[in-house]
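Open the model in your viewer and keep the sequence beside it. This tour tells you what to select at each stop, and what is there.

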Amino acid sequence: MLDRALAAHDAGTPSGYHGAPISVVPGRRSVVVGVGGVARAELRRWAAATDAAVRAVRTAIPDRWYAHATVVVPAGRAELVALTGRGHRTWDRLAGLTLAEGGADRAALRIYLNAPLLASTTWQARNIVLRHEVTHVATAAPATATTPTWLEEGLAEYLGYRGSGVPLHVATRDVTRVPRRFPADGAFVGAGATEAYELAHLGCVAMVEGVGVRGLLQVYRRTAASGDFTAAWRAVSGTAVGVLLGRWRALARTVPGG
Ligand SMILES: [Zn+2]
């Protein structure tokens, strides 16, 4: 069972719908596209959930995006693979993927949901996945190459879990060690990826403790613009990054296995 958001983003190549039957359901803040024969009632539920996710993310990221999300719900694994160009093994564990299609234009950001995998989860888990992916849309994460992966995924996890009712120690229960530094980009694929996501989540919790959610967003945007997280953190918080790392490691020690 999938019980947390294992999600990623990438700057992918344009994909068509490959001639599969499609249906489109508009929400208030979303458009949901079913590919391969998805029941309209299911698409309407996804649209309502996406609308809620957009509203939730907008409270933390109020500007510089359209507060709207396009979500693709494939009927099965075959449609997922064909639409995204990602292989079967990728979709064994990935709940959702946000792609920037047609170049680095945020107007072409699309969220692909692993509907077959999510079918066995609760709406609480699905809403976490949606808020995670909508956060990537709000920050145009797939179209910004300079942001460290831990910061992109940490913000998405933080806003994904915010308001979910899942306690932090449950959301980060796979943390088994207290590292010296934030996870490297390569840690977010393959073995250990779950722990990397959770350490990134804790990194953003530590930042919020220091500078609040607005400060976290300022740090994120400064880093996305410059690629220099250390300078961004110092500018927003007035403290050295070592202070943040110390708070982060202390947090990681409080979760199971940390
Ligand atoms: Zn992600």
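**Stop 1: Ala67**

Select Ala67. Ala67 counts as partly exposed because 16 C-beta neighbours lie inside 10 Å. The cut-offs are these: a residue is buried with 20 or more other C-beta atoms within 10 Å of its own, exposed with 12 or fewer, and partly exposed in between, with C-beta atoms placed from the backbone. Ala67 sits in the loop between α1 (40-60) and β4. Its phi is near 50°, a positive value in a residue other than glycine. Most residues other than glycine have a negative phi.

**Ground rules**

Residues are numbered from 1 along each chain as its sequence is written. The model is predicted: local features need pLDDT of at least 70, side-chain atom pairs count only at pLDDT 80 or more, and totals for chains, interfaces and linings use all residues.

**Stop 2: the whole chain**

Zoom out and colour by secondary structure. The chain has nine helices and six strands. Helices (H or I, at least four residues) and strands (E, at least two) are DSSP runs, numbered from the N terminus. Of the 258 residues, 43% count as buried. Now think about contacts: two residues are in contact if their C-beta atoms, placed from the backbone, lie within 7 Å. Take the contacts between residues at least 6 apart in sequence: 67% of them join residues at least 24 apart.

**Stop 3: strands β3 and β4**

Select residues 69-74, which form strand β4. Is this strand enclosed or open? Five of its six residues are buried, so β4 is largely enclosed by the rest of the structure. Add strand β3, residues 30-35. β3 and β4 pair in the parallel sense over six bridges. Two strands pair if DSSP finds at least two bridges between them. Now pick out Gly34: it stands opposite Val73 in β4.

**Stop 4: helices α1 and α4**

Show α1 with α4. Their axes come within 9 Å and cross at roughly 55°. That makes α1 oblique to α4. Axes are lines fitted to C-alpha atoms, for helices over the stretch in contact, and angles run from 0 to 180 degrees between N-to-C directions. Angles under 35 degrees count as roughly parallel, over 145 as roughly antiparallel, 65 to 115 as roughly perpendicular, and the rest as oblique. α1 passes α4 in a right-handed crossing. A crossing is right-handed if the near helix is turned clockwise from the far one by less than a right angle, and left-handed if anticlockwise.

Which residues meet here? From α1, select Ala49, Thr50, Ala52, Ala53, Val54, Ala56 and Val57. From α4, select Trp123, Arg126, Asn127, Leu130, Arg131, Val134, Thr135 and Ala138. By class, this contact of α1 with α4 has 10 nonpolar, three polar and two charged residues. Here Ala, Val, Leu, Ile, Met, Phe, Trp, Tyr, Cys and Pro count as nonpolar, Asp, Glu, Lys and Arg as charged, and the others, Gly among them, as polar.

**Stop 5: helices α4 and α5**

Keep α4 (residues 123-138) and add α5. The two axes come within 7 Å and cross at roughly 140°. α4 and α5 are therefore oblique to each other. Their crossing is right-handed. Ile128, Arg131, His132, Thr135 and His136 in α4 meet Leu155, Ala156, Glu157, Leu159, Gly160 and Tyr161 in α5. The contact of α4 with α5 has five nonpolar, four polar and two charged residues.

Pause on His132, in helix α4. Is it buried or exposed? His132 is buried, with 30 other C-beta atoms within 10 Å. Next, draw a distance from His132 to Leu159. They are 27 residues apart in sequence and 6.4 Å apart in space, C-alpha to C-alpha.

Then select Ala140, in the loop between α4 and α5. Its phi is near 50°, again a positive value in a residue other than glycine. Ala140 is buried, with 20 other C-beta atoms within 10 Å.

**Stop 6: helices α5 and α7**

Select α5 (residues 149-161) and α7 (residues 193-226). They pack at an angle of about 95°, with their axes 8 Å apart. α5 and α7 are therefore roughly perpendicular to each other. On α5, the contact residues include Trp150, Leu151 and Tyr158. On α7, they include Tyr197, His201 and Tyr220. The residues of the contact of α5 with α7 divide into 10 nonpolar, four polar and two charged.

**Last stop: Thr239**

Select Thr239, in the loop between α8 (229-237) and α9 (241-254). Thr239 is partly exposed, with 13 other C-beta atoms within 10 Å. Add Gly210, 29 residues away along the chain. The C-alpha atoms of Thr239 and Gly210 are separated by 9.5 Å.
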